[in-house]
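User: I am new to this structure and would like a guided look at it. Could you take me through the main parts?

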Amino acid sequence: MKGKPSSFRVIDLLCPDCRSRNSVTLWERVESSDKELVNKVLDGSLFDVPCRGCEQVIPGDHSIDFHDPVGKLFVRYEAQGNIRPAAGWTAALGENQSAEEYRLLRVGSQHAFIELVRIWNEGLDPIAMLLIKHQLAGQVAREFERLPVVCSFDRRNDSCDLEYVVLVREEDELQSLTVPSAAYEYSREIAVRWQSSREQAAGWIDWNQNTVHTLIEATASL
């Protein structure tokens, strides 16, 4: 089953270093079937713009959607200050697709968007992974007495354990932390219970700490 093609718009971007004008393609929706684009999301290069004047990389930050018509997943990131409203997500649907079948996830940062696409790429449950992310960040905060700047899923290793990258302070080096697969299976059971009790009509799920608190409170009474 295929959705509509990935969509983009072209803008002019002024390099902050050399002031060269660059014609830039901003991808507004990436379809799961576009493997080249998906790979660029996974490694972050989709958001980097090489300046034609000084060849420096200009980091981009813009609203973008990810659509998987087979897995019925839609992920949306709305960048702050983006005055151009995103099209309704149902514009991505193909014929004979129903909006009610979808899981709709919203994220608050470009890093979280990339992380969710990595989670999708590994075939993992995003709600279970949100719970693990919250627990891991809390563990780091207890150890270092501060929340980490970065706590992000990177990949699944050969043992099917979860590899995370963690940055405690801006001046520190990235660390790699491993979460055993058994922890994921336990979190997935909680996520399945929560999602089965949740009304589909509730619509968007914000992939953040507020949802974790709602999840924990709801499953405690199930």
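**A hairpin, two sheets and helix packing**

Analyst: A good place to begin is a hairpin made by strand 5 and strand 6, with four residues between the two strands. In the turn, Lys72 has a positive phi of about 55°. Please keep in mind that this is a predicted model.

User: How do strand 5 and strand 6 pair, and over how many bridges?

Analyst: Strand 5 pairs with strand 6 (residues 73-77) in the antiparallel sense, over five bridges. Within this pairing, Phe74 of strand 6 is the bridge partner of His67.

User: What is notable about the phi of Lys72?

Analyst: Lys72 is not a glycine, yet its phi is positive, at about 55°. Most residues other than glycine have a negative phi.

User: Is Lys72 buried or exposed?

Analyst: Lys72 is buried, with a relative accessible area of 16%. Its place is in the loop between strand 5 and strand 6.

User: What about Glu55, what sort of phi does that residue have?

Analyst: Glu55 has a positive phi of about 65°, although it is not a glycine. Glu55 is found in the loop between strand 3 (48-50) and strand 4 (57-59). Glu55 is exposed, and its relative accessible area is 67%.

User: Back to strand 5. How many of its residues are buried?

Analyst: Strand 5 (residues 64-68) is mostly covered, with five of its five residues buried. Ile64, Phe66 and Asp68 point one way from the strand, while Asp65 and His67 point the other way.

User: Which sheet does strand 5 belong to, and what is the strand order?

Analyst: Strand 5 is part of an open sheet of six strands, in the order 1-2-5-6-7-11, and the pairing is mixed. Strand 1 (7-14) and strand 11 (205-206) stand at the edges; each has a single partner strand, so one side of each is left without a neighbour in the sheet.

User: How does strand 2 run relative to strand 5, parallel or antiparallel?

Analyst: Strand 2 (residues 21-31) and strand 5 run parallel and are joined by three bridges. Val30 stands opposite Phe66 in strand 5, and Glu31 stands opposite His67.

User: Which strands of this sheet do helix 1 and helix 2 lie across?

Analyst: Helix 1 (residues 35-43) lies across strand 2 and strand 5, running at about 105° to strand 2. Helix 2 lies across strand 5, strand 6 and strand 7 (103-107), and runs at about 10° to strand 5.

User: What does Arg118 touch?

Analyst: Arg118 lies in helix 2 (residues 110-121). Leaving aside residues up to four places away in sequence, Arg118 touches Leu42, Asp43, Ser152, Phe153 and Asp154.

User: Now the other sheet, please. What is the order of its strands?

Analyst: That open sheet has three strands in the order 8-9-10, with antiparallel pairing. Strand 8 (150-156) and strand 10 (175-179) stand at its edges, each with a single partner strand, so one side of each is left without a neighbour in the sheet. From one strand to the next, the twist averages 30°.

User: How many bridges join strand 8 to strand 9?

Analyst: Six bridges join strand 8 to strand 9 (residues 162-167), and the two run antiparallel. Helix 2 packs on this sheet, touching strand 8 and strand 9, and its direction makes about 25° with that of strand 8.

User: Changing topic to helices, at what angle do helix 3 and helix 4 pack?

Analyst: Helix 3 (residues 126-144) and helix 4 (residues 181-197) pack at an angle of about 125°, with their axes 8 Å apart. That makes helix 3 oblique to helix 4. The contact includes Ile127, Leu131 and Gln135 of helix 3 and Tyr184, Arg188 and Trp194 of helix 4. By class, this contact of helix 3 with helix 4 has 10 nonpolar, three polar and one charged residues.

User: And how do helix 3 and helix 5 cross?

Analyst: The axes of helix 3 and helix 5 (residues 209-220) come within 10 Å and cross at roughly 100°. The two helices are therefore roughly perpendicular to each other.

User: Which residues meet there?

Analyst: Ile127, Leu130, Leu131 and His134 in helix 3 meet Gln209, Thr211, Val212, His213, Leu215 and Ile216 in helix 5. The residues of this contact of helix 3 with helix 5 divide into six nonpolar, four polar and no charged.

How values were computed:
Residues are numbered from 1 along each chain as its sequence is written. This is a predicted model: local features need pLDDT of at least 70, side-chain atom pairs count only at pLDDT 80 or more; totals for chains, interfaces and linings use all residues. Side-chain values use heavy atoms; hydrogens and water are left out. Buried means under 20% relative accessible area, exposed over 50%, partly exposed in between (1.4 Å probe, protein chains only). Two strands pair if DSSP finds at least two bridges between them. Axes are lines fitted to C-alpha atoms, for helices over the stretch in contact, and angles run from 0 to 180 degrees between N-to-C directions. Angles under 35 degrees count as roughly parallel, over 145 as roughly antiparallel, 65 to 115 as roughly perpendicular and the rest as oblique. Contact means heavy atoms within 4.5 Å. Ala, Val, Leu, Ile, Met, Phe, Trp, Tyr, Cys and Pro count as nonpolar, Asp, Glu, Lys and Arg as charged, and the others, Gly among them, as polar.
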